[in-house]
Amino acid sequence: MLLALISLFVVLLVLRVLIAIVRRFISWLGHGTSVYHMVGEDMPVEAQYAAQIRAYVAKAEKTRREHGIIASLRTGQKHLSREQRDAIQHSVDRAREAYLSYMRLEPYQLVIIFLLGSIAGLILEELWMFFTAGLTQSRVGLVWGPFSPLYGFGATLLTMICWRLRRRNASPMAIFFVSVLVGGSLEQFTGWSMETFFHASSWTYIHLPDHITQWVAWRFLFFWGVLGLAWTRIIMPDLLYRIGMATTRRQVVFVSLLALYLAADIFMTAMCFGRKVARDKGIPAQNSFETWVDANYTDDFIAARFQNLTITQGSQYE
């Protein structure tokens with residue numbers, strides 16, 4: 001019992017240190033040489049946003065004084081009333097909308113969203129498989145890191161398309177059907193590509209009564225539609241607001257290096273599966289790089305790394 005408590009304390013301590021390090025690193029990224037984003041009549045976005053946010057903060061402070069929030073805190077009251085919380089949240093929402101109205105969607109935000117989507121999607125999928133099927137297998141999609149690129153590409157595509165829909169005040173029904181189309185197309189293309197080029201399969205819906213193809217089913221198209229609605233109306237605005245735009249060169253350099261790493265990860269994954277297919281066909285390595293891939297990314301490595309992956313000797317599309 002004592003050992004378990006000590007272990008829990010150490011884990012919490014390490015977690016707190018890691019969070020502190022991440023916060024300091026993010027703060028350091030934001031204190032480099034400034035990078036200016038220009039929109040409209042050559043007006044810096046940050047200057048426009050600063051004016052808006054000051055107005056909303058002043059309104060929030062006025063609301064606090066009028067409702068006696070500061071006075072209630074001084075008297076020892078621990079909780080704000082619903083009316084007080086709603087008033088403050090309204091000012092925060094207005095500030096967020098002011099910033100998003102100036103924001104330009106750029107590779108800076110998309111790279112971060114791809115990374116977050118890849119990690120979050122992997123975690124959710126593994127939790128789903130554990131609670132529904134009792135499986136604890138690795139479901140990663142790349143050779144390096146805890147990433148599932150299908151979710152990363154899905155989050156990126158939804159962001160690019162739903163950002164435009166949001167700007168045009170599209171109806172919920174339009175967002176739902178566009179998300180269904182995006183999700184179904186992505187699943188079909190990814191599943192078909194894996195089967196055609198690498199003789200591999202990570203999932204199949206062929207056993208489900210509502211399947212449309214091997215990789216697309218009606219029930220999951222519905223989930224894509226609901227996800228698109230939630231992403232557009234709830235998740236994406238707050239996420240983009242928190243990511244913001246690159247304001248320093250350090251942020252640009254860091255995200256550029258992150259993009260290069262992810263591109264190299266995707267390239268190496270494609271090479272590993274390409275060599276796996278070639279080895280199955282008895283095709284030897286053609287150069288020193290392929291020899292290195294064969295030596296370091298063997299069939300055993302692929303089987304251990306991609307535990308939910310099924311690889312066959314041939315393809316039905318050949």
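This report covers the helices, surface patch, aromatic pairs, cysteines and salt bridges of the structure above.

The model is predicted: local features need pLDDT of at least 70, side-chain atom pairs count only at pLDDT 80 or more, and totals for chains, interfaces and linings use all residues. Residues are numbered from 1 along each chain as its sequence is written, and side-chain values use heavy atoms, with hydrogens and water left out.

**Helices and turns**

Helices are DSSP runs of H or I with at least four residues, numbered from the N terminus. Helix α7 covers residues 172–198. Its 27 residues reach 38 Å from first C-alpha to last, close to the 39 Å expected at 1.5 Å a residue. The expected span is 1.5 Å times one less than the number of residues.

Which residue follows α7? His-199 does, and its phi is positive, near 55°. Asn-169 lies in the loop between α6 and α7. Its phi is also positive, near 55°, in a residue other than glycine. Most residues other than glycine have a negative phi. Asn-169 counts as exposed, at 69% relative accessibility. Here exposed means over 50% relative accessible area, buried under 20%, and partly exposed in between (1.4 Å probe, protein chains only).

**A nonpolar patch**

Ile-6, Phe-9, Val-10, Leu-13, Val-14, Val-17, Leu-18 and Ile-21 make a nonpolar surface patch of about 730 Å². Patch residues have over 30% relative accessible area and no salt bridge; nonpolar side chains (Val, Leu, Ile, Met, Phe, Trp, Tyr) are joined within 5 Å, and like charges within 9 Å. Areas come from the Shrake-Rupley method with a 1.4 Å probe; for residues, only the protein chains shown count as cover. One patch member, Leu-13, sits in helix α1 (residues 2–29). Leu-13 is partly exposed, with a relative accessible area of 44%.

**Aromatic pairs**

The whole structure holds 15 aromatic pairs. Rings of Phe, Tyr and Trp (its six-membered ring) pair if their centres lie within 6.5 Å; planes under 30 degrees apart are stacked, over 60 edge-to-face, and the rest tilted.

Trp-144 and Tyr-261 are stacked, at 6.3 Å centre to centre and 25° between the planes. Trp-144 lies in the loop between α5 (107–133) and α6 (149–167), and Tyr-261 in helix α9 (residues 249–280), so the pair ties together parts 117 residues apart in sequence. Trp-144 is partly exposed at 27% relative accessibility. Tyr-261 is partly exposed too, at 34%.

Phe-176 and Phe-177 have ring centres 5.5 Å apart and planes at 85°, so this pair is edge-to-face. Phe-176 is buried, with a relative accessible area of 16%. Both rings belong to one aromatic cluster with Tyr-205, Phe-220, Phe-222 and Phe-223.

**Cysteines**

How many disulfides does the structure hold? The count is 0. A disulfide is a pair of cysteine sulfur atoms within 2.5 Å. Cys-162 is buried at 1% relative accessibility. Cys-272 is buried, with a relative accessible area of 1%.

The C-alpha of Cys-162 is 9.3 Å from that of Arg-233, with the two residues 71 apart along the chain. Arg-233 is in helix α8 (residues 218–243). Arg-233 is partly exposed, with a relative accessible area of 44%.

**Salt bridges**

The whole structure has 11 salt bridges. Each is a side-chain nitrogen of Lys or Arg within 4 Å of a carboxyl oxygen of Asp or Glu. Among them are these:

| Basic residue | Acidic residue | N to O distance |
|---|---|---|
| Arg-104 | Glu-106 | 3.2 Å |
| Arg-219 | Asp-210 | 3.0 Å |
| Arg-275 | Glu-290 | 3.8 Å |

Arg-104 is partly exposed at 36% relative accessible area, whereas Glu-106 is buried at 16%. Arg-219 is partly exposed at 34%, and its partner Asp-210 is buried at 18%.

The Arg-275 and Glu-290 side chains meet at 3.8 Å. Arg-275 lies in helix α9 and Glu-290 in helix α10 (residues 288–296), so the pair ties together parts 15 residues apart in sequence. Arg-275 is buried, with a relative accessible area of 4%. Glu-290 is buried at 15%. The two residues belong to a salt-bridge network that also includes Lys-276, Arg-279, Asp-280, Asp-294 and Asp-299.

Definitions and conventions
Helices (H or I, at least four residues) and strands (E, at least two) are DSSP runs, numbered from the N terminus.
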